[in-house]
Amino acid sequence: MEAYEAILASEGIDTCACVDFAACRVQKPHLLHFEPRCAVIFAVPYLTEAPRQHRVSLYSLSEDYHLFFSALYERCLPLLREAYPEYEWQGFVDHSPIYEVDAAARAGIGIMGDNHLLITRKYGSFVFLGEFLTDAPLACSALHEVQTCRHCGACRRSCPDTERCLSAVTQKKGVLSDEDRAYILKWKSAWGCDICQLVCPENKGAALSPISFFYENRLPDPTSDDIRSMTDDQFSRRAFAWRGRQTILRNLDLLEAAEAEEQTQD
């Protein structure tokens, strides 16, 4: 086992591979502080219960995953630099120099779904992707052709609107149009959308995350009262905070008003 594998395993991360950086599709070269030789791609599982639809997307039930990655890199980067002295290391998530899903598929840690998500064998698509870039001469995996899902069509058939993303509508700022309001009410989502993941046959039997971070401070079905009662610091730690408190409050108020009206009619 390579030192980087042992370091990641100590964090509960067991899905990783090293790929030649030359095989990665570079999108933001200005983020690089050196010329990498390898990319260590890894999947961080976040599922904490049998998947079901919530008011908010499954990835946002816990605190913001960027907080996890920030702390992970604070712990791991010094260990990597100690294990591979004289070599450079950088850690990324989301805002990355490379196309992460493509690199992960080429590294062989998962297949590409028709919904453009990486699907791993153990955790399905309920993962966040991260990577360490380094100029250390690591032994890289043989390059894989990008494997795809079975193209069963379940995600496309179940998608509320392939031309108008439900997740994007829930994240709009300001006043919603009548059409947007009706859209949110129909699908009962205050933040994000998991429908394509919930119907995907590749996700059946997806293992739960072994990482404690995703079980702490969970908020499975937040209410408007929950959001209003949070301090600014508490709210800033949620995955939906980047769009501002009023965005998710607007959506929750809309859903709760409709629920109250339904109860009155019953």
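Is Y4 buried or exposed? I looked this up in what is a predicted model. Y4 has 4% relative accessibility, so I log Y4 as buried. The cut-off I apply for buried is under 20% relative accessible area.

**Entry: around Y4**

I placed Y4 in helix α1, residues 3-9. I then listed its contacts, leaving out residues up to four places away in sequence. Y4 touches C16, A17 and C18. Y4 also touches V40, L80, Y84 and L138. I checked one long-range pair as well. Y4 and G91 are 87 residues apart in sequence. Their C-alpha atoms are 12 Å apart in space.

**Entry: the sheet**

Next I traced the strand order. I found an open sheet of 4 strands, ordered β1-β2-β6-β3, with antiparallel pairing. Which strands are at the edge? They are β1 (15-20) and β3 (89-93), and each pairs on one side only. I noted an average twist of 20° from one strand to the next.

I went through the pairing of β1 with β2. Strand β2 covers residues 38-45, and 6 bridges join β1 to β2. The two run antiparallel. C16 stands opposite F42 in β2. T15 has A43 of β2 as its bridge partner.

Then I looked for helices on the sheet. Helix α2 (residues 65-83) packs on the sheet and touches β2, β3 and β6 (127-134). The direction of α2 makes about 165° with that of β3. Helix α3 (residues 100-107) also packs on the sheet. I see α3 touching β1, β2, β3 and β6. The direction of α3 makes about 80° with that of β6.

Why do I call the edge strand β1 largely enclosed by the rest of the structure? Because 5 of the 6 residues of β1 are buried.

**Entry: helix α10**

I tested the length of α10, residues 245-265. At 1.5 Å a residue, its 21 residues should span 30 Å. The end C-alpha atoms are 30 Å apart, so the model agrees with the expected span.

Which residues of α10 are buried? I list R245, T247, I248, L249, R250, N251, L252, L254, L255, E256 and A258. What do these buried residues pack against? They pack against α5 (166-170), α6 (178-187), α8 (224-229) and α9 (232-236).

**Entry: largest pocket and Q197**

I moved on to open space. The largest pocket has a volume of about 1,000 Å³. I count 35 lining residues for this pocket. Nearest its centre lie Y59, N115, L117, C193 and Q197. The elements that give two or more residues to the lining are α3, β6, α4 (154-158), α5 and α7.

I followed up Q197. Q197 sits in helix α7, residues 195-199. Its relative accessible area is 6%, so Q197 is buried. Setting aside neighbours within four places in sequence, I find Q197 in contact with Y46, L117, S125, F126 and N203. L117 thus appears in two of my notes: as a contact of Q197, and among the residues nearest the pocket centre.

**Entry: cavities**

How many cavities of 30 Å³ or more does the structure hold? I found 3. The largest cavity contains about 90 Å³ of space. I noted 14 residues lining the largest cavity. Closest to its centre are D114, C149, C152, C155 and C200.

Technical notes
Residues are numbered from 1 along each chain as its sequence is written. This is a predicted model: local features need pLDDT of at least 70, side-chain atom pairs count only at pLDDT 80 or more; totals for chains, interfaces and linings use all residues. Side-chain values use heavy atoms; hydrogens and water are left out. Two strands pair if DSSP finds at least two bridges between them. Axes are lines fitted to C-alpha atoms, for helices over the stretch in contact, and angles run from 0 to 180 degrees between N-to-C directions. Contact means heavy atoms within 4.5 Å. Buried means under 20% relative accessible area, exposed over 50%, partly exposed in between (1.4 Å probe, protein chains only). The expected span of a helix is 1.5 Å times one less than its number of residues. On a 1 Å grid over the protein atoms alone, a cavity is a set of points where a 1.4 Å probe fits but cannot get out, and a pocket is an open set with protein on both sides within 12 Å along at least five of seven lines; lining residues have an atom within 4 Å of a point. Grid points are joined across faces, edges and corners, and a volume is the space filled by probe spheres set on the points.
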